[in-house]
Amino acid sequence: MALVERAFVLFMVMAFVHVSSAAVYKVGDSAGWTTIGNINYKQWAAIKTFEVGDIIRFEYNAQFHNVMRVTHAMYKTCNTSAPLATFTTGNDSITITTRGHHFFFCGVPGHCQSGQKVDINVPRNISSTAVTPSALISPKSPSAPSVLAPSPNKAAPPLNTLKGGFGMLGFAMAFLAVFASGSAVLQPF
């Protein structure tokens, strides 16, 4: 019965870790969403690896700024006439639900033109973080020698795409392994 309980606990920990693996990005990091300090939001976004499920948080003074989600054409010209969505709380969290580009800018006159705009890009061709053993072996060709090599389109993702919860999953698995094996060692003779 104890084994069943431990398996249930492991399952619950794994489910929690999977749900909590989304990253939260504060736009502009410590500076936030502002025109003060000449923040380069294009450079800020370029060094991030965004994924579906990530949360983009805009923190700003709502008396002086807002956030508009717009199309690419509107983004390029800073056109505020028909935004897809407008956020005005000063602490807006937006969950990325699709791959591709997500364009945002401040709709206060002059702010977008001065650089208060960001393109959040979730690449369309990111590999899955789950790699099966068959993905690591190229198909055998009768004319070529048998070699183990990653297939170009199914290679393991770069390490920087493994986010947040992966370390917790490893910790949970190690803890459970020690806990399970420790119970056998602690049994009375």
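Among contacts in this chain between residues at least 6 apart in sequence, 69% join residues at least 24 apart. Keep in mind as you read that this is a predicted model. The chain has 189 residues, of which 29% count as buried, and its secondary structure comprises four helices and seven strands. Here is a short tour, beginning with the overall layout and ending with the aromatic rings.

**Overall layout**

- If you walk along the sequence, the helices and strands follow the pattern α-β-α-β-β-α-β-β-β-β-α.
- The chain exposes about 12300 Å², and carbon and sulfur atoms supply 64% of that area.

**The four-stranded sheet**

- Four strands make up an open sheet in the order β4-β3-β6-β7, and their pairing is antiparallel.
- At the edges sit β4 (85–87) and β7 (117–122), each of which pairs on one side only.
- From one strand to the next, the twist averages 25 degrees.
- As a reminder, strands of a sheet pair through backbone hydrogen bonds, either parallel or antiparallel.
- Strand β3 (residues 67–70) runs antiparallel to β4, and three bridges join the two.
- Within this pairing, Met68 has Thr86 of β4 as its bridge partner.

**Val70 and its surroundings**

- Val70 is a good residue to click on in the viewer; it lies in strand β3.
- With a relative accessible area of 2%, Val70 is under the 20% cut-off, so it counts as buried.
- Leaving aside residues up to four places away in sequence, Val70 touches Tyr75, Asn79, Pro83, Leu84, Phe103 and Phe105.
- For one of these, Leu84, the C-alpha atom is separated from that of Val70 by 5.3 Å, although the two residues are 14 apart along the chain.

**The parallel pair, β1 and β2**

- Strands β1 (residues 24–26) and β2 pair in the parallel sense, over three bridges.
- Lys26 stands opposite Arg57 of β2 in this arrangement.
- Strand β2 (residues 55–59) has two distinct faces: Ile56 and Phe58 form the covered one, while Ile55, Arg57 and Glu59 form the uncovered one.

**Aromatic rings**

- The structure holds six aromatic pairs.
- One of them joins Trp33 and Tyr41, with 4.9 Å from centre to centre and 55 degrees between the planes, a tilted arrangement.
- Trp33 and Tyr41 are both buried.
- Another pair is Tyr75 with Phe103: the ring centres are 4.9 Å apart and the planes are at 40 degrees, so this pair is tilted.
- Tyr75 belongs to helix α3 (residues 72–77) and Phe103 to strand β6 (residues 100–105), so their pairing ties together parts that are 28 residues apart in sequence.
- Are Tyr75 and Phe103 buried or exposed? Tyr75 counts as buried at 11% relative accessibility, and Phe103 is buried too, with a relative accessible area of 9%.
- Both of these rings also appear in the list of residues that Val70 touches.
- Tyr75 has a charged neighbour as well: Lys117 lies over the face of its ring, at 4.5 Å from the ring centre.
- Ring pairs also link Trp33, Tyr41, Phe58 and Phe104 into a cluster.
- Phe58, one member of that cluster, is also part of the covered face of strand β2.

Technical notes:
Residues are numbered from 1 along each chain as its sequence is written. This is a predicted model: local features need pLDDT of at least 70, side-chain atom pairs count only at pLDDT 80 or more; totals for chains, interfaces and linings use all residues. Side-chain values use heavy atoms; hydrogens and water are left out. Rings of Phe, Tyr and Trp (its six-membered ring) pair if their centres lie within 6.5 Å; planes under 30 degrees apart count as stacked, over 60 as edge-to-face and the rest as tilted. Buried means under 20% relative accessible area, exposed over 50%, partly exposed in between (1.4 Å probe, protein chains only). A charge sits over a ring if NZ of Lys or CZ of Arg is within 6 Å of the ring centre and within 35 degrees of the ring normal. Contact means heavy atoms within 4.5 Å. Accessible areas come from the Shrake-Rupley method with a 1.4 Å probe; for residues, only the protein chains shown count as cover. Two strands pair if DSSP finds at least two bridges between them. Axes are lines fitted to C-alpha atoms, for helices over the stretch in contact, and angles run from 0 to 180 degrees between N-to-C directions.
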